[in-house]
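Trainee: Got a minute? I'd like to go through this one with you.
Mentor: Sure, pull it up.

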Amino acid sequence: MSEIELKLLLDEPTSRELWARVKAAKLANGHPTTKTLRSIYLDSPEHSLNKAGIALRLRREGRRWVQTVKTKAELHGGLSQVGEVENLAPGGRPCPEAIPEAAIREEVLHLLNGTPLQPVCETVIKRSAGELLLADGTRAELAVDIGEIRAGERSARFSEMEIELIEGNPGGLFDIAHALFPKGGLRFSRLSKAERGYLLAKEGRIDLPLCPQNAKGVAIDPAQTAELAARDILRECLDQMATNILAVRKLDDAEGPHQLRIGLRRLRSAFSVFSPLLQSPEMERLNGEARWLGQEVGHLRDLDVVANDIVGRDAKSHPDEPGLAALSEALPRRRAELCDHLRKLLVDARVQAFLIDLARFVETRGWLVPLDFGQTERLAMPTGDFAGQALKKRWKKVVKYAHGLETLTTEQRHELRKELKKLRYVVEFFSPLYPAKHVNPFLKRLKRLQTVFGDLNDAAIVRTTLAEAEVLSADDPAAQRAAGWVLGSSQARAEVGWTRATALWRRLEKARPFWK
């Protein structure tokens, strides 16, 4: 049996008021019931089941014990899809030989190899559960869990909600999330209860450490369909964004806004490269929301670049210039204002709706257009074929924008910079399909050229940032003088760097087009 559910983290005050929200949204199909569930997760001493992505659980349900095996768990954008088989476990004794599905039984027995099972962790949860009904007939069970996860002498409080599909459209799970959290504050769960329990046993905590998240490579295969490659890449973009939204909200780390903006740019690049497959009104809308949020994040990120990478560098290199110290002190005040604005925005309803709708788009094939009869054939194209076409198209566009490089205007240089960035993201998306010895030289030369354009962009950011009335006070002549210093030095650095642009471009042109 396959189980599809949306898992969201809650604080305990929200969990206690959730059923009132259900009633207000007129979603309840009957009354909720409350019971206490004790679940024990078992494994070999080497945790061989966990390493294979399998969870074996004994759960006390009233007077009986039930053995459950969950396999192939996937958790993306809060949506969990997992295989599940159950059987009674008289006396609360595990019995892998009694697993009713032969293939799963054989795999579990093979992994255990005669090793006796032992408890790893357990959960003791007070669960309030009831059925929800949507207007389109979709039925789901809402379960609100409050309790503890335990592993040996360790324990941790835990609060979570699960919306499990009973019948109908999986997209309805996201509709329910919209209805129950209309003002924001929602957090997707990144781990199952079993994973949290194992983490508690191993490391003494039930969640992954929060830190800014860099982009991760996505394992794609040339023979898989282009649709599956698109889905997996979009999943990774969503995960990077959602994690960094939380990092910006909770941490005072300049890397958070940086990685959040990268995640948004990667998402838009993925939309662009896969547009022949995914083009739809919903994709266009989500792309617009990503552009808006990227602009909002960009204000803070640009100020961080000026404060840390430019003014900070000049202040360190020229300690005899007092105005630079005054400017360094003025910028953090403006950063605090922008950071406060962004944090409020990131918990607001619009950003939350964007995340929910993006997760729905990715996990429920939201790109399907009923009247586009050729879409099915395009979606089924092998990823290897699609990647070659996409890279060729993106490279051709870069060559067009680089024509007459020596005579490009400031605006044309800016457009070429954006095209080079898009090319890099696309190369990184599809790099697993090609030998590293062919990809890496191309990528290395591309990054060197991007550095030159980065200096040009930094100079533009300095001009824009230091021109803001909120940054510099008119009655601070030392800071004003330092601003002129920084403007001049950043522009000079950009112009010197630009003298290398033509040679770096020629080197990139001569690099082997690895996708051919």
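Trainee: Is the crossing of helix 13 and helix 17 left-handed or right-handed?
Mentor: Left-handed. Keep in mind that this is a predicted model.

Trainee: Which residues make that contact?
Mentor: From helix 13, W395, V398, V399 and A402. From helix 17, W505, L508 and E509.

Trainee: And by class, what does the contact of helix 13 with helix 17 have?
Mentor: Six nonpolar residues and one charged residue, with no polar ones.

Trainee: At what angle do helix 13 and helix 17 pack?
Mentor: About 150°, with the axes 13 Å apart. Helix 13 covers residues 383-402 and helix 17 covers residues 501-510. Angles over 145 degrees count as roughly antiparallel, so helix 13 is roughly antiparallel to helix 17.

Trainee: Switching to helix 6 and helix 7. How far apart are their axes?
Mentor: 8 Å, at a packing angle of about 155°. Helix 6 spans residues 226-250. The pair is therefore roughly antiparallel. Helix 6 passes helix 7 in a left-handed crossing.

Trainee: Which residues meet there?
Mentor: On helix 6, I233, L234, E236, C237, Q240, M241, N244, I245 and V248. On helix 7, G256, P257, Q259, L260, I262, G263, L264, R266, L267, A270 and F271. By class, that contact divides into 13 nonpolar, five polar and two charged residues.

Trainee: What about helix 7 and helix 9, what's the angle there?
Mentor: About 150°. The axes are 9 Å apart. Helix 7 runs over residues 255-273, helix 9 over residues 281-317. Those two are therefore roughly antiparallel to each other. Helix 7 passes helix 9 in a left-handed crossing.

Trainee: How many charged residues are in the contact of helix 7 with helix 9?
Mentor: Six, along with 11 nonpolar and four polar.

Trainee: On to the strands. In which sense do strand 6 and strand 7 pair?
Mentor: Antiparallel, over 12 bridges. Strand 6 is residues 118-133 and strand 7 is residues 139-151.

Trainee: Say I want to check the register. What stands opposite A129 in strand 7?
Mentor: A143. You can also use E131, whose bridge partner in strand 7 is E141.

Trainee: And the hairpin of strand 6 and strand 7, which residue takes a positive phi?
Mentor: G137, near 95°. That hairpin has five residues between the strands.

Trainee: How many bridges join strand 7 to strand 8?
Mentor: 13, and the two strands run antiparallel. Strand 8 is residues 154-167. For a register check, E148 stands opposite R157 in strand 8.

Trainee: How many residues sit between the strands in that hairpin of strand 7 and strand 8?
Mentor: Two. G152 takes a positive phi near 60° there.

Trainee: Back to strand 6. How many bridges does it have with strand 2?
Mentor: 11, again antiparallel. Strand 2 is residues 33-43. The bridge partner of R38 in strand 6 is V124.

Trainee: Where do side chains point in a regular strand?
Mentor: They alternate between the two faces of the sheet.

Trainee: Last topic, electrostatics. How many salt bridges does the structure hold?
Mentor: 41. One of them is between D175 and R360.

Trainee: How far apart are the closest N and O atoms in that D175 and R360 pair?
Mentor: 2.9 Å. The pair links distant parts of the chain, with the two positions 185 residues apart in numbering.

Trainee: Which helices hold D175 and R360?
Mentor: D175 is in helix 4, residues 171-180. R360 is in helix 11, residues 349-363.

Note on methods: Residues numbered from 1 in each chain as written. Predicted model: local features only at pLDDT ≥ 70, side-chain atom pairs only at ≥ 80, totals over all residues. Heavy atoms only, no water. Axes fitted to C-alpha atoms, helices over the stretch in contact; angles between N-to-C directions. Helix = DSSP H or I, 4+ residues; strand = E, 2+ residues; numbered from the N terminus. Parallel < 35°, antiparallel > 145°, perpendicular 65-115°, else oblique. Left-handed = near helix turned anticlockwise from the far one by under 90°. Contact = heavy atoms within 4.5 Å. Nonpolar A, V, L, I, M, F, W, Y, C, P; charged D, E, K, R; others polar. Pairing = 2+ DSSP bridges. Salt bridge = Lys/Arg side-chain N within 4 Å of Asp/Glu carboxyl O.
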